Amino acid sequence: MSTLTTIIADIQQLRKQRATDDVVTLTTLLSAIQLKHKSHGDPSTAKSDEICMEQVKSFIKSLNESIATMAHDRSRVAALERQRALVERYLPVQLTEDELERIVEEFVDAGHAAIGSIMALLKQHYFARYDGSTAMQVVKRVTAERSTAK
């Protein structure tokens, strides 16, 4: 089942449960996904899941920024954290930093030395399974270690 189909099914289930706040959160996410779909035309299923993951990550990033901004309002932070937990369910299991390091080392060992090419390979093979800033730090560290070791 695609991510989009799962979100739609979850919205329907939450409506039956009268979980209004959760319905609003997921409907907002769904609207962002559908808007992005319209701007891309009629995407394939693979592209559809990629768009969904981009929007889920963007939504989570916005929630994290709101949480940081609202740190003084505990009740609002709790509500935002609940929304984040609801949306995070749609992300695949995230790679740990150690797993990322091992993968990056494999790419470097295979002859990929440029940071951009390694990041492109990560996106191609592990899309939405890693945090971009963490991946960038790992790539820079591994490539620097390998270049000084030569």
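Here is a short chat about helix α6, the salt bridges and the ring contacts of this structure.

Me: Before we start, what kind of model is this, and what pLDDT do local features need?
Reply: It's a predicted model: local features need pLDDT of at least 70, side-chain atom pairs count only at pLDDT 80 or more, and totals for chains, interfaces and linings use all residues. Residues are numbered from 1 along each chain as its sequence is written, and side-chain values use heavy atoms, with hydrogens and water left out.

Me: OK, α6. How far apart are its end C-alpha atoms?
Reply: They are 16 Å apart, which agrees with the 16 Å that the 12 residues of α6 (residues 115–126) should span at 1.5 Å a residue. The expected span is 1.5 Å times one less than the number of residues, and helices here are DSSP runs (H or I, at least four residues), numbered from the N terminus.

Me: Which residues of α6 are buried?
Reply: Ile 118, Met 119, Leu 121 and Leu 122. Buried means under 20% relative accessible area, exposed over 50%, and partly exposed in between (1.4 Å probe, protein chains only).

Me: And what's on the face turned away from the buried side?
Reply: That face of α6 carries the exposed residues Gly 116 and Gln 124.

Me: What does Ala 128 do just after α6?
Reply: Ala 128 takes a positive phi of about 65°.

Me: Switching to charges: how many salt bridges are there?
Reply: Six in the whole structure, counting a side-chain nitrogen of Lys or Arg within 4 Å of a carboxyl oxygen of Asp or Glu.

Me: Which residue does Asp 10 pair with?
Reply: Arg 89, with the closest N and O atoms 3.4 Å apart. The pair links distant parts of the chain, since Asp 10 is in helix α1 (residues 3–16) and Arg 89 is in the loop between α4 (74–88) and α5 (97–109), 79 residues apart.

Me: Is Arg 89 buried or exposed?
Reply: Arg 89 counts as exposed, at 51% relative accessibility, while Asp 10 counts as partly exposed at 21%.

Me: What about Arg 141, which side chain does it meet at 3.0 Å?
Reply: Glu 101, in a salt bridge computed N to O in the model's coordinates. The pair links helix α5, which holds Glu 101, with helix α7, which holds Arg 141, 40 residues apart. Salt bridges that share partners join Glu 97, Glu 101 and Arg 141 into one network.

Me: Last one: what lies over the face of Tyr 130?
Reply: Lys 57, at 5.5 Å from the ring centre. A charge sits over a ring if NZ of Lys or CZ of Arg is within 6 Å of the ring centre and within 35 degrees of the ring normal.

Key:
Helices (H or I, at least four residues) and strands (E, at least two) are DSSP runs, numbered from the N terminus.
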